[in-house]
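Open the model in your viewer and keep the sequence panel visible. The tour goes from a strand pair to the sheet, and then to the core.

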Amino acid sequence: MQIDELRREITDRLPTLSDEQVEALWEYMQILTADDVDALENSNKYLTFFCCDQVFGMDIRQVVQIIGIPPITPLPESSAHLRGVASVRDDMIPVVDLRVRLGRDPVADSGKSCMVVTNVQDRSIGILVDAISNVETILPEEICPPPRQEGHNADYVTGIVKRNTVILLVDVDALLTAGDIDLLNMPASSLV
């Protein structure tokens with residue numbers, strides 16, 4: 001059935017609905033509308049965090065949870081920034097050290113450092129950061145494009161926001177290398 005035909009059929013049946021059916025339909029429409037509003041609100045929310053004395057932000061919709069740094073099992077012959085795998089909620093997930101990915105020393109396990117568990121290509125991945133800052137609403141008109149950097153692999157920076165401090169918005173998917181992507185596509189059981 002075509003969408004237009006379905007729409008006409010629903011419209012034709014509306015006058016024949018009982019009061020209870022109309023009320024049920026109205027409640028259902030309110031739920032749908034609320035979900036759309038929540039999705040719209042979350043589309044402008046970013047988790048901000050510190051790494052290498054800089055504030056970064058990532059789309060809140062990719063954040064699964066924030067936890068302390070768990071025990072990490074190193075993987076042989078992996079990228080330097082791929083610290084290994086950790087057990088999170090009975091799942092073995094790859095762990096990326098954002099400081100190393102940015103060319104700095106590894107994250108030290110301080111009282112504020114933590115792991116942000118994110119969703120990348122339908123898999124969980126942990127990202128080690130120095131500290132969490134806040135959840136901020138950032139509107140699209142506040143985001144400036146990053147400057148082009150010839151010869152640098154900083155395509156993970158998708159925008160720059162000026163607040164009390166500069167926030168670099170990152171695309172979690174672009175933080176990963178092709179080798180990391182291959183690792184993510186492996187079954188979780190083969191990671192250890």
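Two strands count as paired here if DSSP finds at least two bridges between them. This is a predicted model. With that in mind, select Thr48: opposite Thr48 stands Asn134, in β8. Now show the two strands in full; β1 and β8 pair in the antiparallel sense, over six bridges.

Next, widen the selection to the open sheet, which five strands form in the order β8-β1-β2-β10-β9, with mixed pairing. Which strands stand at the edges? They are β8 (131-137) and β9 (157-162); each has a single partner strand, so one side of each is left without a neighbour in the sheet. On average, neighbouring strands of this sheet are turned by 30 degrees against each other, direction ignored.

Now select Phe49. At 0% relative accessibility, Phe49 counts as buried, because buried means under 20%. Leaving aside neighbours within four places in sequence, the contacts of Phe49 include Val55, Met58, Leu98, Val129 and Val170. Phe56 is also among the contacts of Phe49, and Phe56 counts as buried at 5% relative accessibility. Display both rings: Phe49 and Phe56 form a stacked aromatic pair, 5.9 Å centre to centre with 15 degrees between the planes. A search of the whole structure finds one aromatic pair.

Then colour the largest nonpolar core, which has 24 residues; Phe49, Met58, Leu98, Ile127 and Val129 have the most contacts inside it. The elements giving two or more residues to this core are β1 (45-51), β2 (54-59), β6 (114-120), β7 (123-129) and β10 (166-170). Finally, select Val88, Val107, Met115 and Val117: they are among the eight residues of another core, which lies apart from the largest one.

Definitions and conventions: Residues are numbered from 1 along each chain as its sequence is written. This is a predicted model: local features need pLDDT of at least 70, side-chain atom pairs count only at pLDDT 80 or more; totals for chains, interfaces and linings use all residues. Side-chain values use heavy atoms; hydrogens and water are left out. A nonpolar core is a set of buried Ala, Val, Leu, Ile, Met, Phe, Trp, Tyr and Cys residues joined through side-chain atoms within 4.5 Å. Buried means under 20% relative accessible area, exposed over 50%, partly exposed in between (1.4 Å probe, protein chains only). Helices (H or I, at least four residues) and strands (E, at least two) are DSSP runs, numbered from the N terminus. Contact means heavy atoms within 4.5 Å. Axes are lines fitted to C-alpha atoms, for helices over the stretch in contact, and angles run from 0 to 180 degrees between N-to-C directions. Rings of Phe, Tyr and Trp (its six-membered ring) pair if their centres lie within 6.5 Å; planes under 30 degrees apart count as stacked, over 60 as edge-to-face and the rest as tilted.
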